[in-house]
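Colleague: I have the sequence and the model open side by side. Please pick one part, look at it closely, and then walk me through other places that deserve the same attention.

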Amino acid sequence: MATKYAFLFPGQGAQVPGMIKDLCEAYPEARKVVDDVTAITGVDMPKLLWETEKEVLSRSDNSQLAITTASLAVMKVLESKGITPSAAMGFSLGEFPALYAAGVLSYEDVIKVVRARGLIMQAVCEKIAAANEGHAPGMTAVLGLAPEAVKEVCAGIKDAYPANMNSSVQTVVSGTFDALTEVEAKAKEAGARRAIRLAVAGPYHSPLMQEAAVEFEKAIADVTFNNPKITMFSNVTGALATDGAEIKKNAVLHLTNPVLWTTEESVLAETMKADGLEWKLIEPGVGNVLAGLWAKTEYNETWTCTSVNSAESAANC
């Protein structure tokens, strides 16, 4: 029976100093991506990926480009092994390498778009911090509470918004520094097991990013978004994405609307089940967050998700 692959691309927060260095040493295809991104953006990617401290790497203008570079590098290595996706989706930022995988954006355009997105979002995050006595906005993962309970917690707190629907017991909240501090306390009072501030530089996927959405819309005005060539899913709708023009509009809405990841997972599972062929899921890039989320779903009994983020994991494909 033929095997089909679904690629699930990780988002911001997955970055780590030294990421994909061993992969680039083992595979020329991966190193070429790093060099390509350097040439296209003017950013010294070897230095950013392998010599930058965690705090600096976590900035939106750095982490978004770094994570996308890692995902593209892994994808090129997989391609050299004959592994290409028949379906793609990405978590938050990960939706952009998914757009490349699906043929919606060209190789050069996805790099340029992600670079512009990171710069715009970082500038807005710094503006929000300046308006809040220098306290940076961000995101907090609430563990052990149902999404509806997290929404109730946020309802009474100014500038707090449920942003990432990760699972039935994990919701990420975006907000200002003070709002998240209040969310973390009230979530624990409501019975949350933990409330963890994430290593990201802004309140993504919330109305606080409206200014960034306006600027990003201008930045991609002349960029061509093609219709997907493979099955693809949208964070904004949680459903299949089939039209390039709609995907372009959603790329802007993406900044201010929640990530409907649990919905995407279920639609992907339904699609694979209806297909009737053997499927394998791969998380290409950095870390194993998405493989971990998938492992906690009922779908993991039928299909497992493997993270490919190093020379060793690539060799095992």
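Modeller: Happy to! By contact I mean heavy atoms within 4.5 Å, and please keep in mind throughout that this is a predicted model.

Let's begin with Ser-58, which sits in the loop between α4 (54–57) and α5 (60–80). Buried means under 20% relative accessible area. Ser-58 has 11% relative accessibility, so it counts as buried. Setting aside neighbours within four places in sequence, the contacts of Ser-58 are Gln-12, Gln-15, Ser-63, Ala-199, Val-200 and Ala-201. To place this loop residue against another part of the chain, take Ile-282: the two residues are 224 apart in sequence, and their C-alpha atoms are separated by 24 Å.

Ile-282 brings us to strand β8, which covers residues 278–284. This strand belongs to an open sheet of five strands, ordered β7-β2-β1-β8-β9 with parallel pairing. Its edges are β7 (231–232) and β9 (305–308), each of which pairs on one side only. Between β8 and β9 there are four bridges, and the two strands run parallel. One place to check on your screen is Glu-283, whose bridge partner in β9 is Ser-307.

Now for strands that pair the other way. Strand β5 (residues 170–175) is largely enclosed by the rest of the structure, because six of its six residues are buried. Gln-170, Val-172 and Ser-174 point one way from β5, while Thr-171, Val-173 and Gly-175 point the other way. Strand β3 (residues 138–143) pairs with β5 in the antiparallel sense, over six bridges, and there Thr-140 stands opposite Val-173. Strand β4 (residues 160–167) is also joined to β5 by six bridges and runs antiparallel to it; in this pairing, Asn-164 stands opposite Val-172. The link from β4 to β5 is a hairpin through two residues.

Next, a buried charge that may interest you as a chemist. Arg-115 is located in helix α7 (residues 107–130). Arg-115 is buried and yet has no salt bridge; Asp-61, the nearest side chain of opposite charge, is 5.3 Å away. Because a salt bridge needs a side-chain nitrogen of Lys or Arg within 4 Å of a carboxyl oxygen, this pair does not qualify. Asp-61 is still one of the residues that Arg-115 touches, along with Thr-41, Val-43 and Leu-65, when residues up to four places away in sequence are left out.

Finally, the nonpolar interior. The largest nonpolar core has 77 residues, and Ile-20, Leu-23, Phe-96, Phe-216 and Phe-225 have the most contacts inside it. Apart from it lies another core, of 21 residues, including Ala-6, Met-89, Val-259 and Tyr-299. Back in the largest core, Phe-96 is worth a closer look: beyond its neighbours within four places in sequence, it contacts Leu-105, Val-110, Val-113, Val-114, Arg-117, Phe-216, Ala-251 and His-254.

Ala-251 leads on to helix α11 (residues 244–253), where Gly-244, Ile-247, Asn-250, Ala-251 and Val-252 are buried. The cover over the buried residues of α11 includes α6 (95–101) and α10 (210–219). At the start of α11, a side-chain oxygen of Asp-243 comes to within 3.2 Å of the backbone nitrogen of Ala-245.

Note on methods: Residues numbered from 1 in each chain as written. Predicted model: local features only at pLDDT ≥ 70, side-chain atom pairs only at ≥ 80, totals over all residues. Heavy atoms only, no water. Core = buried A, V, L, I, M, F, W, Y, C linked by side-chain atoms within 4.5 Å. Buried < 20%, exposed > 50% of the residue type's maximum accessible area, 1.4 Å probe, protein only. Lys, Arg positive; Asp, Glu negative; His and termini not counted. Polar contact = N/O pair within 3.5 Å; in protein donor to acceptor, adjacent residues only side chain to side chain. Pairing = 2+ DSSP bridges.
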